[in-house]
Amino acid sequence: MNCVSALAFGCLLCASAGGAQPGQMRGDGPAPDPKPSGVSRLDPGLDALIAPGTQVQFVASGFGLNEGTTWVRDGHGSGFLLLGGLLDNVLYRIAPDNTVSVFMEKAGYSGDDVDSVGAQTRAGRSHVLLIGPSCSGVDPQGRILWCADDDRKVMRLEKDGQHTVLSEGAGGKRFNGPNDISIKSDGAVYLTDNDFGLRGAMKSPLKELQDAVWLIKDGKTTQLITDQELGGIPNGVTLSADEKFLYLSAFNKMMRYVVNADDTIGAGSLFAQGVGIGDGMRSDSLGNIYSTGGAGPGLVRVTAPSGKLLGTINLPVLGAEPKKQICATNVAFGEADGKTLYIAACDAVYKIRLKVAGILEGPAR
């Protein structure tokens with residue numbers, strides 16, 4: 001699979017620009033050299049966000065490949081982290097004490113023809129199929145949304161436990177593979193759709209729509225921008241803290257678009273470019289963007305509202321056999337104060353405490 005089609009999973013299927021060598025993090029060849037976790041301060045402004053000496057903390061491991069992180073508040077000063085298990089086809093629930101349980105089975109693919117679905121990739125030395133959900137979120141009514149990638153639908157969990165199809169495409173054509181969402185306070189849903197949900201990716205005969213960014217609002221699904229207009233296959237998406245801008249990632253480039261009064265987008269400009277861009281991202285309450293690049297080198301990039309790179313949160317590299325995939329795919333703010341940043345890192349999940357709260361979706365309940 002070439003690097004273009006590979007970006008259906010946010011650079012996990014190819015080496016991200018400036019990242020670790022492909023032969024080290026996936027496929028054949030030796031395991032990479034071990035590296036400890038840490039924080040790289042590239043600008044003094046990072047100290048206002050992360051206190052010097054703050055450590056990256058281990059949460060859980062054994063997921064193979066993961067994505068789709070969201071903190072769900074319970075209305076009692078606590079909550080839990082949702083995490084998409086891409087190999088297991090489930091949404092996991094991770095409690096504040098790091099206990100892991102299954103929140104939802106068959107969350108990415110609800111059918112029974114598993115031999116015909118799932119994008120193909122490698123995780124370390126392993127050959128794997130990506131069948132699970134790659135996004136999750138909470139709407140203003142407190143309902144959980146998720147990307148059922150191989151069902152090619154955006155789903156919603158109702159208060160009575162029923163599963164509702166929020167959207168499966170537009171104009172009688174189906175999505176290719178819903179990848180990431182960002183939910184506005186008025187309920188508008190911004191979605192990136194790419195070939196992640198198709199066996200064979202862009203070569204699949206089942207591909208019906210051009211990869212694009214979509215707006216789902218008031219029962220209508222509207223195309224906002226295509227991959228060609230964006231300049232690459234769309235992947236990560238997030239709103240700014242004040243909801244005036246929409247950030248989109250493609251390859252190692254992050255674009256910023258003005259959000260219009262009707263929730264469509266206007267003029268766009270290049271916001272940032274480089275390592276740590278290409279997959280999931282989220283904004284804190286001051287407008288700083290925390291972004292990931294997918295495969296290698298396993299870090300979270302911290303970018304100021306001005307576009308200046310402030311530093312990186314570096315995840316540990318185990319450097320042992322069996323070789324593990326090196327990556328950071330998604331982030332989510334969590335805990336009661338919103339000051340814990342959770343990081344999906346393929347086989348593992350990590351967290352780090354911040355000095356600034358992040359944006360939490362949904363009502364406080």
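Start with the empty space inside this predicted model: a search of the whole structure turns up one cavity of 30 Å³ or more. Its volume comes to about 60 Å³. To see the walls, select G68, T69, C135, S136, D180, G280, M281, R282, N330 and V331, which line the cavity. Colour them by type and you should get three nonpolar, five polar and two charged residues. Now switch to cartoon: strand 3 (66–73), strand 23 (281–283) and strand 29 each give two or more residues to this lining.

Next stop, the largest nonpolar core, which has 36 residues. Select Y290, I313, L341, I343 and V349, the members that touch the most others. Then bring up the strands that each supply at least two residues of this core: strand 2 (57–61), strand 4 (79–85), strand 5 (90–94), strand 26 (299–303), strand 27 (309–314), strand 29 (330–334), strand 30 (340–345) and strand 31 (348–353). Strand 30 makes the largest contribution, five residues.

Zoom in on I313 here. Leaving out residues up to four places away in sequence, I313 touches G38, I50, V56, G298, L299, V300, V302, L341, I343 and I352. Apart from the largest core lies another one, of 16 residues; pick out L215, L230, L239 and A250, which are among them.

Last, colour by confidence. The chain averages a pLDDT of 92, and 93% of the residues score at least 70. Residues 1–23 are another story: the pLDDT there is below 50, though the stretch has 78 contacts in the model beyond near neighbours in sequence. Don't linger on those contacts, because predicted coordinates should not be read in detail where pLDDT is low.

Key. Residues numbered from 1 in each chain as written. Predicted model: local features only at pLDDT ≥ 70, side-chain atom pairs only at ≥ 80, totals over all residues. Heavy atoms only, no water. Core = buried A, V, L, I, M, F, W, Y, C linked by side-chain atoms within 4.5 Å. Buried < 20%, exposed > 50% of the residue type's maximum accessible area, 1.4 Å probe, protein only. Helix = DSSP H or I, 4+ residues; strand = E, 2+ residues; numbered from the N terminus. Contact = heavy atoms within 4.5 Å. pLDDT = per-residue confidence, 0-100. 1 Å grid on protein atoms, 1.4 Å probe; cavity = no way out; pocket = protein on both sides within 12 Å on 5 of 7 lines; lining within 4 Å. Points joined across faces, edges and corners; volume = space filled by probe spheres on them. Nonpolar A, V, L, I, M, F, W, Y, C, P; charged D, E, K, R; others polar.
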